[in-house]
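Reader: Could you walk me through how to read a model like this one?
Author: Gladly, let's take it feature by feature.

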Amino acid sequence: MSEMESAPAAPAKIPGMDEKLLEERAKETGSTRRDVLFDVTDLTVNYSGVPALKNVSLEIYKNYVTAFIGPSGCGKSTFIRCFNRMNDLIPTAEVAGRILYHGIDLYGSEVDSVEVRKRIGMVFQKPNPFPKSIYDNIAFGPRILGWKKNLDERVERALRQAALWDEVRNRLKESAYSLSGGQQQRLCIARCLAVEPDVLLMDEPASALDPISTTAIEDLMHELKKDYTIVIVTHNMQQAARVADMTAFFSVDVDEEQDRRTGILVEYDQTPTIFTNPGDKRTEDYVTGRFG
Amino acid sequence: MSAAPGVVGRRSGGDRVRGTAFYVLLLVAVTIGFVLLFVLLADVIRKGIGYVDLTLLNEPNSSDPSKAGAGPAIRGTIYMMVLLLLLVVPLGVGTALYLEEYADRDRWYNRLLEINIQNLAAVPSIVYGILGLAFLVRGLGLGRVLLAGALILTLLVLPTVIVASREAIRAVPDSIRQGAYALGATQWQVVRRQVLPAAIPGIATGSILALARAIGETAPLLLVGALTFVAINPTLLGSFTALPVQIYQWIARPQDEFRLLAAAGIMVLLAILLTMNAFAIWLRNRYQRRW
């Protein structure tokens, strides 16, 4: 054991991982002051009484990109949907524990889930534009909030932020379904930005896209984190390493006796640490591809 | 399995015979349907074509076949259809929205409602007629008026409209709702601005087809007292007649000329029906969406 400490084992490596990028990321992250935006304590989610995710506690920092990674069924999507109370829409889901957002409990009795979702936007796995024109897709959010002034400018700003303006400026009246998959996903991001949220939650936003569109979305995240806090669920470890400042690894806790699989948080740290020097054997196995 | 050339054998003889036999069976089924329909149509047109004229479209009924028309009946049918549309669409769409978007399926009353609607769609129309007579005409004292006829047809096709609307609403993908909720929309906003607009083509198509069913109904109207000698234009609370009732009465008369007149009436009814169905198909093709 003492031998191990004096001469640490070579850091685990992900095949194809850009070492330099991780080093840069370590510098970036290390130098920034952390402001806690979400403080999650002992969060448990049950579906019809069966736990899907158990006892998760972590902090999410302002203007960081935070990634949740882990194998299928580890509850990472369930977890991200707690932050904007999308789980409220599933009648069988119960959320226990606490999520403080700016110090306010999101699940407190005086908090309205509709208000929560106005400030915490979400982008889904599959692009889900509304069956309306490009313009009306973006304008939907502002319209339901009653922001009727300067709608055109608002739409343009959102599309510019999502790096989509130049591609669609001449076809705003066309159906959103005429866009490619990658453009549709950026449209969905723009749609979120139009209501000026604090936080962007992204549930595997690039998993249905081709590599070029994926790169476009990742570049966008780098731009957006100046103004927004981003939380992303991803299956793709390289993606987490490329975009995330902090990474949380979730895994599945299998209870053989009761035949239950429950998601648990294994490790949460700066992204470079998770990928090169994880503290937990399970994390190491996962990021090096031995598991999952 | 070796992939050497020539190894991919022929199907066995029995297989081929069965395949061909089934194909022939299908052709026969299609042919019978088509031929019967064609013969019926040809017969109606051959008999009725000489009687389709302005007299038929405008004049009231008469005991003299050469003067008899179906003017009040046609107008009665059209008025009733308009009334029906105004009544059945809000009720049907409202019920469908409640069941699809708001109702908690675990509640016994919602399940009861659902089972009832499914069963109501299968109740024979004469039963609705009896209900109309007992409840609307006598019970409420409405009398044998146009409104009673429209109300009973509303009840008759309401289940159809509900079922069609529910299907249209269910076809709106959940991802649309989720996307809208994630932007901070309330349930009302999601339903009003996303679900309903996306479902409207399906709802419209279903409603028109339901209307097309109602337009040919005779039995319930006979029971709530559609007359066949109405000389004046129908009013909401006046006595009335409708095209199928008129046709029924003409066919029942002994003189041959009235049968020809009935055939002409059928042609008018068919023309209205086909127009409505064509409109429904056009709507569906025009606004159909692939998600």
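**Reading chain B and its contact with chain A**

Author: Chain B holds 11 helices and 0 strands, where helices (H or I, at least four residues) and strands (E, at least two) are DSSP runs numbered from the N terminus. This is a predicted model, in which local features need pLDDT of at least 70 and side-chain atom pairs count only at pLDDT 80 or more, while totals for chains, interfaces and linings use all residues. Residues are numbered from 1 along each chain as its sequence is written, and chains are lettered from A and ligands numbered from 1 in the order in which they are written.

Reader: What radius of gyration does chain B have?
Author: The radius is taken over C-alpha atoms, and the globule rule is 2.2 Å times the number of residues to the power 0.38. Chain B has 25 Å, whereas a compact globule of 291 residues would be near 19 Å. Along the principal axes, its C-alpha atoms fill a box of roughly 85 × 60 × 35 Å.

Reader: How many residues does each chain bring to the contact?
Author: Two residues are in contact if their C-beta atoms, placed from the backbone, lie within 7 Å. Chain A gives 20 residues and chain B gives 14 residues. On the chain A side, α4 (113-119), β6 (120-123), α5 (134-144) and α8 (181-193) each supply at least two residues.

Reader: And how do I read strand pairing?
Author: Two strands pair if DSSP finds at least two bridges between them. In chain A, β1 (residues 36-47) and β2 (residues 50-61) run antiparallel, joined by 8 bridges. Asp39(A) has Glu59(A) in β2(A) as its bridge partner. β2(A) also pairs with β10 (residues 260-270) of chain A, in the parallel sense over 2 bridges.
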